Amino acid sequence: MDKRLTLWILIGMIAGIIVGYTVHIGVAPDSSTFENLTKTFKLLSDIFLNLIKLLVAPLILSTIVVGIAHMGDSTALGRIGFRAITWFILASFISIGLGLLMVNIFQPGIGVPLGAAADAATALGEVKKLDFFEFILSIFPKNAFEAMATNNILQILVFSIFAGVALSALGEKGAPLVRAADALAEMMLQITHYVMRYAPVAVFGALAKVVATSGLAILLSYATLLAEFYMSLVILWVMLLTIGWIFLRNRIWTLIRYIREPLLIAFSTASSEAALPKLFEQLDRFGVPRRISGFMLPLGYSFNLDGSMMYMSFATIFIAQAYGIELPIMTQILILLTLMISSKGVAAVPRASLVVITGTLAMFGLPVEGVALILAIDQFLDMGRTATNVVGNAVATSVITKWEGMLEVEEPEFIEPPHAPAHTAAAGKRGLDLAEDMVSDARSEKS
């Protein structure tokens, strides 16, 4: 199954759509049967997401600590960090700018009926005010264990950098901890192999739940918006991969092949986090050393969400168009700059893009209730933007590695992982000193 994981995930996606649509048209939405089925579908995907969240914190911690400790040069860390942030800022401008350009060219919001725009606050829940200063403070952990428990990627990143630099300074004294962290990282990747075997089931559950609840007819209702948004994403993919080709040349095609499984997982579950452990593993095989991927990916997951940033600019102008509000070019540029800053502060917030959009609409006096226009298909939009986030971070990590002159020769796309011993000669009794009469009926025969 490990060798054909991509095929099994595709089968899970197709089966999920078929079963979900069957439930949608064949079971009354207000019945207990429908409720139980959708809860079951959701359970299948939630189990997978919980298992992935189990891996994320220790994997990031151990990978960064080992990478920095083995780097042996603190100036290299600063140089890589500077190059990474420079890339992220440029990618953000490209993503948001392209979103603004495409939505002005296509103008999908013109003529959209506003009858569906009810109170969006009910569907979104409480929208937390975007506060730049609170965001800066939240980067720095006050409790490392709390950061681990809540999977706060930025806080884990900060603690791990301190720990890695400190262990590097300790030298031989810190070597046992470095070896322990290295073993922890390997253990987490081994667990990832086990969890990934469940991925096709999770993909099935995620898509079955979405299609059963929303149906496929809704895609026809929003066909124009969906088609134009996905076309914009394709253009963004071409731009990112072209920039990647400039640095990686023909190895960019190898990179695409190696990350297809993380891509499918991200697309079908609409969760970037779900693809992270597998993305670590595949970049390892592509030739990216852990010392770079361990630093770049957690940083990118907070600051380099290319698909989400394009979506936010696209959706904001779409809502303005739907309400017939003309936005001058200077206002759109201000929206671009606002999204550049505010999108960094809600990386760990559920439905983060909608929260940022709502805050931006309110800031510029645009109708907040317009968010309801995209709520119905947000899951389908989220699938595309999440897959784009994975592509953006994979390209960024590979390019920075090449830029640093550290890109290694790729390993085979699939390597048989270690297997736990089974059917051994000792049958699980190895290491026990058992007398014959302790494992047989010899005593009962004597009596």
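## Exercises on helices, cores and spaces

Leaving aside residues within four places in sequence, Ser293 is in contact (heavy atoms within 4.5 Å) with Phe280, Asp284, Val288, Pro298 and Thr397. The model is predicted, so local features need pLDDT of at least 70 and side-chain atom pairs count only at pLDDT 80 or more, while totals for chains, interfaces and linings use all residues. Residues are numbered from 1 along each chain as its sequence is written, and side-chain values use heavy atoms, with hydrogens and water left out.

**Exercise 1.** Find which helix holds Ser293, and decide whether Ser293 is buried or exposed.

*Solution.* Start with the helix: Ser293 lies in α15, where helices (H or I, at least four residues) and strands (E, at least two) are DSSP runs, numbered from the N terminus. Next, take the accessibility: buried means under 20% relative accessible area, exposed over 50% and partly exposed in between, with a 1.4 Å probe and protein chains only. Ser293 has 0% relative accessibility and therefore counts as buried. Finally, look along the helix, where 12 of the 14 residues of α15 are buried, among them Ile292, Phe295, Leu299 and Phe303.

**Exercise 2.** Compare the expected span of α15 with the distance between its end C-alpha atoms, then do likewise for α9.

*Solution.* The expected span of a helix is 1.5 Å times one less than its number of residues. For α15, with 14 residues, this gives 20 Å, and the end C-alpha atoms are 19 Å apart, which agrees. For α9 (residues 199-214), with 16 residues, the expected span is 22 Å and the end C-alpha atoms are 23 Å apart, which agrees. Just after α9, Gly215 takes a positive phi of about 75°.

**Exercise 3.** Explain why α9 is described as largely enclosed, and name what covers its buried residues.

*Solution.* Of the 16 residues of α9, 12 are buried, so the helix is largely enclosed by the rest of the structure. The buried residues include Pro200, Phe204, Leu207 and Val211, and the cover over the buried residues of α9 includes α1 (5-26), α2, α8 (175-196), α13 (260-269) and α20 (378-403).

**Exercise 4.** Identify the two residues that touch the most other members of the largest nonpolar core.

*Solution.* A nonpolar core is a set of buried Ala, Val, Leu, Ile, Met, Phe, Trp, Tyr and Cys residues joined through side-chain atoms within 4.5 Å. Of the 122 residues in the largest one, Phe48 and Ile357 touch the most other members. The largest share of this core, 15 residues, comes from helix α2 (residues 32-71). Apart from this core lies another, of 7 residues, among them Phe34, Phe41, Phe204 and Ala208.

**Exercise 5.** Describe the lining of the largest cavity, and state which helix gives the most to it.

*Solution.* On a 1 Å grid over the protein atoms alone, a cavity is a set of points where a 1.4 Å probe fits but cannot get out, and lining residues have an atom within 4 Å of a point. The largest cavity holds about 30 Å³ of space, a volume being the space filled by probe spheres set on the points, which are joined across faces, edges and corners. The lining consists of Leu225, Phe229, Tyr311, Phe314, Ala315, Phe318, Ile374 and Leu381. Among the helices, α16 gives the most to this lining, with 4 residues.

Note on methods
1 Å grid on protein atoms, 1.4 Å probe; cavity = no way out; pocket = protein on both sides within 12 Å on 5 of 7 lines; lining within 4 Å.
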